[in-house]
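This report describes selected features of one protein and its ligand. The sequence and the structure are shown first, and the description follows.

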Amino acid sequence: MPTCVIAQPVHPSGPQRMRAAGMDVIEPPGTTLDALRQVIARADAVLVRDSLPADLIDIAPNLCVIANHGTGTDKIAVAHASDLGIPVVYTPSANVQAVAEHALMLMLATARQAALADAATRKGDWRFKYEQPMISLCGKTLGIVGLGRTGRILCDMVTQALGMRVVAWSPSLPADAALPAGARRAASLDELLADADVVSLHRPLRPDTRHTLDAAALRRMKRGAIVINTSRGGLIDEAALADALRDGHLFGAGLDVFETEPLPAGAAIAGLPNAVLTPHVAGSAQEALQATASQCADQIIDVLSGRQPPHMVRPDVWTHRRLPRHPLSASPLPIDRQP
Ligand SMILES: O=C(O)C(=O)COP(=O)(O)O
């Protein structure tokens, strides 16, 4: 019977689907790499929400598929896995609606100082009502950096519901690609930063995208602007962001992701009242968690049954993949995946 190790908790739909397909599922007693290290040797498949470095892949001789829970695969040693013939599958659309909703929530929460308002209300401190500035978003310009699935959903939300203008920039967008209604294209990141009242990041973390917002880029933003990040912490120079929030260049920031997660004790950003922080939960709406876990499980089952899964980070690996020690007999596609 093939075994899947689930490195961090996922929606029960994932383990259920794998058990129903005839697999054994192991959930380690903890979410750390050390907990994973103790059991990964037994894995034919692994499902991860956090990192999977090369040395852990090396101690799993039967591993023949890695499922990344979500869109961003930056914490998985994809090149190493690919060299070994281990396909990495991911879920590029399962959580995009939830992430866009979270970005919108952070925009509103930052503009309306929701965390401070909540704390003041609980203390009966009505000075907040008279002393705290707030911002309305209607008529303001949202700069969307990266116009993939999530960026496009967010664009529709803010133009239709809030009456915002949108300026988008994405170096990977073909020059003739259609933009969502209400969006216009910036010729450069600098042009977007100069125009936007709110900047929201929606791009993967790679060496060439690291510190997309570095100290100079943050200073190019309008005074009093807002930064939103639901993608990856490494896209922003967090120390420079903390400086720009502290000295008032920026009005606020809404952040779901950080350069180091969990956020280290004493992190500068955690001491700033104009930052609204959430612990990497943008994709954690129940609906999104269910879709993400199910799509991971289905693709693991695909690989173990000899069927090419729909979302491989490197589809070229399929031709020289490591074959499963315990293949599953190919079952019909689940009803919700039939063409
Ligand atoms: O989709 C992504 O890139 C994510 O970061 C999802 O994170 P999660 O697996 O929901 O903790």
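Does Ser305 count as buried or exposed? In this predicted model, Ser305 counts as buried because its relative accessibility is 13%, and the cut-off for a buried residue is under 20%. Ser305 is found in the segment after H12. A polar atom of the Ser305 side chain lies 2.4 Å from the backbone oxygen of Ile301. Not counting residues up to four places away in sequence, Ser305 touches Leu328 and Ala330.

**The segment after H12: Arg325**

Arg325 is also found in the segment after helix H12 (286-304). Arg325 counts as partly exposed because its relative accessibility is 43%, a value between the limits of 20% and 50%. Beyond residues up to four places away in sequence, Arg325 touches Arg42, Asp44 and Asn62. With Asp44, the side chain of Arg325 forms a polar contact of 3.1 Å. The C-alpha atoms of Arg325 and Ala293 are 23 Å apart in space, and the two residues are 32 apart in sequence.

**The ligand and its surroundings**

The residues that surround the ligand are Arg49, His69, Gly70, Thr71, Gly72, Asn95, Arg232 and His280. By residue class, this shell divides into no nonpolar, six polar and two charged residues. The table lists side chains with a polar atom placed close to an oxygen atom of the ligand.

| Side chain | Partner | Distance |
|---|---|---|
| Arg49 | ligand oxygen atom | 3.1 Å |
| Asn95 | ligand oxygen atom | 2.9 Å |
| His280 | ligand oxygen atom | 2.7 Å |

On its own the ligand has 320 Å² of accessible area, of which the protein covers 88%.

**The nonpolar cores**

In soluble globular proteins, nonpolar side chains tend to be buried together. The largest nonpolar core of this model has 30 residues, and those that touch the most other members are Leu192, Val199, Leu213, Val227, Leu241, Leu250 and Ile269. Two or more residues each are given to this core by strand S7 (165-169), helix H9 (189-195), strand S9 (198-201), helix H10 (215-220), strand S10 (225-229), helix H11 (238-246) and strand S11 (250-255). H11 supplies the largest share, five residues. Apart from its neighbours within four places in sequence, Ile269 is in contact with Glu238, Leu241, Ala242, Leu245, Leu255, Phe258, Leu263, Ala275 and Leu277. A second, separate core contains 26 residues, including Ala100, Ala109, Leu154 and Met157.

Ala109, one of the members named for the second core, lies in helix H5. Ala109 is buried because its relative accessible area is 8%, which is under 20%. Neighbours within four places in sequence aside, Ala109 is in contact with Ala114 and Val276. Between the C-alpha atoms of Ala109 and Met134 the separation is 9.9 Å, for residues 25 apart along the chain.

**Helix H11**

Which residues of H11 are buried? They are Glu238, Ala240, Leu241, Ala242, Ala244 and Leu245. The buried residues of H11 pack against H10, S10, S11 and strand S12 (275-277). At the start of the helix, a side-chain oxygen of Asp237 comes to within 3.2 Å of the backbone nitrogen of Ala239. Just after H11, Gly248 adopts a positive phi of about 85 degrees.

**Backbone geometry in the loops**

Where does the model place a cis peptide bond? The bond from Glu261 to Pro262 is cis, and its omega is near -10 degrees. Pro262 belongs to the loop between S11 and S12.

Positive phi values also occur in residues other than glycine. For Gln113, phi is near 55 degrees, and this residue lies in the loop between helix H5 (96-111) and helix H6 (114-122). Gln113 counts as buried because its relative accessibility is 8%. For His211, phi is likewise near 55 degrees, and His211 lies in the loop between S9 and H10.

Methods: Residues are numbered from 1 along each chain as its sequence is written. This is a predicted model: local features need pLDDT of at least 70, side-chain atom pairs count only at pLDDT 80 or more; totals for chains, interfaces and linings use all residues. Side-chain values use heavy atoms; hydrogens and water are left out. A residue is near a molecule or strand if one of its heavy atoms lies within 4 Å of it. A polar contact is a pair of N or O atoms within 3.5 Å; within protein, one must be able to donate a hydrogen and the other to accept it, and residues adjacent in sequence count only if both atoms are side-chain atoms. Accessible areas come from the Shrake-Rupley method with a 1.4 Å probe; for residues, only the protein chains shown count as cover. Ala, Val, Leu, Ile, Met, Phe, Trp, Tyr, Cys and Pro count as nonpolar, Asp, Glu, Lys and Arg as charged, and the others, Gly among them, as polar. Helices (H or I, at least four residues) and strands (E, at least two) are DSSP runs, numbered from the N terminus. Buried means under 20% relative accessible area, exposed over 50%, partly exposed in between (1.4 Å probe, protein chains only). Contact means heavy atoms within 4.5 Å. A nonpolar core is a set of buried Ala, Val, Leu, Ile, Met, Phe, Trp, Tyr and Cys residues joined through side-chain atoms within 4.5 Å.
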